[in-house]
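The following exercises concern disulfides and sheet architecture. Please work through each task before reading its solution.

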Amino acid sequence: MTSFDTSPHPSLWRALLALAVVFVMLATTGWTALKGQQETTPMQASRAAWEKGRIDGHPLPDPESDPARLTRFFASLTDAQRARLARRYPLAVGNMNGAPVDLRYRANRIALGQARSVERKRMHDTRLTPAGQHEAGRRMNRFEALMREDRHILAFDPEGSGRVAEVFGDLRRAERVSVVVPGVDTHLLTFQRTYRKYSAPVGMAKSLYAAERAASPTTRTAVIAWADYTTPSGIGMDAATARRAVDGAARLTALVRALPGDTPVSLFCHSYGSVVCGVAAHALPDRVTDIAVAGSPGMRVAKAAHLGTSAHVWAMRDADDWIQDVPYLDFGGLGHGADPMSASFGARLLSARDAEGHAGYFEPGTDSLANLAEIGVGAYRSVDCADDTGMCRAGLSGAMAAGRA
């Protein structure tokens with residue numbers, strides 16, 4: 001979904017869904033039960049060390065504590081004590097909702113340095129195949145790039161294909177916060193691309209950040225490229241079910257609840273990311289004012305009103321987006337429900353003119369990006385609707401005003 005630009009044939013989707021039914025049936029009867037134990041991951045090791053740790057003789061709080069409690073804990077420490085915790089438990093602190101934003105940046109830079117050292121050794125590990133050594137080199141280079149002083153890494157986990165989140169702008173002082181939630185095949189190595197950069201989370205977020213600043217130069221904004229969930233790989237069974245979305249929704253909700261301040265938050269959910277946003281919607285705090293989906297396979301509900309959120313729900317789809325050929329259904333947990341672009345769903349439908357297919361919604365100069373930016377700064381009167389009636393602005397402040405020329 002994020003990485004695919006050519007349209008899979010509708011019959012392929014139906015075959016995949018049929019195959020997924022078989023796998024689901026096998027799984028529920030125990031035939032595909034996984035056996036064996038996994039090794040302790042770096043994140044687990046860091047959190048376990050934190051749970052046993054102390055600061056000047058005092059025990060550390062449960063890392064799963066309410067973010068407000070963790071915020072109070074860190075506020076009670078000196079700068080030296082906070083820095084000490086970041087050095088001792090970088091992965092735990094760097095991913096701890098409630099820890100100060102700047103401290104998370106610092107801790108994740110330390111964690112990235114440690115992960116880089118691991119991959120540097122793996123590059124020369126003769127037990128690995130040449131392909132494995134090459135992969136280690138790619139990961140090392142990505143970690144090194146993320147460590148740059150001008151980058152602000154809010155979350156990082158090197159385990160498996162990896163998870164990461166990056167902030168553009170000043171998150172602490174922002175008057176509006178936007179979160180970009182990407183779709184399938186998103187991981188550390190696809191977090192940023194040189195070729196077709198606006199199809200990857202970093203390019204999406206940077207493009208949105210620039211467009212928001214252009215739309216409202218006086219509004220302090222921050223945009224988060226949020227790839228801090230394990231996405232489906234390709235268009236197989238994981239992409240046809242909500243399994244990955246359920247975990248992603250919990251992580252997304254935790255992120256939003258821990259964001260500093262009480263400024264409005266907008267979610268921009270692309271492809272399978274819209275499934276994540278749909279599952280999360282009912283649990284999100286009221287500060288989430290907008291949920292906008294682009295190229296969506298569905299949000300796991302029949303109608304926007306069933307999402308259980310007070311946020312405005314927006315939807316857009318380019319005329320050439322192959323996602324429209326995916327069956328919009330929900331059968332035994334397969335499929336993601338109704339088409340958010342259908343009239344019966346009840347979303348506010350936005351223009352996506354010039355979006356360049358499934359992966360081009362954040363391309364500069366497109367109606368889709370301009371609309372997302374207007375939503376991000378709260379300028380609802382300026383969005384362009386998918387039709388000429390202006391219905392997507394109905395009931396909103398300034399709704400009778402004309403859209404962009």
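**Exercise 1: Disulfides**

Identify the disulfides of the structure and state the handedness of each.

Step 1. Searching the whole structure yields two disulfides, a disulfide being a pair of cysteine sulfur atoms within 2.5 Å. The model is predicted, so local features need pLDDT of at least 70 and side-chain atom pairs pLDDT 80 or more, whereas totals for chains, interfaces and linings use all residues. Residues are numbered from 1 along each chain as its sequence is written, and side-chain values use heavy atoms, without hydrogens and water.

Step 2. The sulfur atoms of C269 and C277 lie 2.1 Å apart; the S-S torsion of this pair is about -90°, so the disulfide is left-handed.

Step 3. In the pair C385 and C392 the sulfur atoms are 2.0 Å apart. The torsion about this S-S bond is about -85°, so this disulfide is left-handed.

Step 4. With the bonded cysteines numbered in sequence order, the pairing reads 1-2, 3-4.

**Exercise 2: The sheet**

Determine the strand order of the open sheet and its edge strands.

Step 1. Eight strands, which are DSSP E runs of at least two residues numbered from the N terminus, form an open sheet in the order 3-4-6-5-7-8-9-10 with mixed pairing. Strands pair if DSSP finds at least two bridges between them.

Step 2. Strand 3 (152-157) and strand 10 (348-349) each have a single partner strand, so one side of each lacks a neighbour in the sheet.

Step 3. Strand 8 (residues 288-294) and strand 9 (residues 312-316) run parallel, joined by five bridges; I291 stands opposite V313 of strand 9.

Technical notes
Helices (H or I, at least four residues) and strands (E, at least two) are DSSP runs, numbered from the N terminus.
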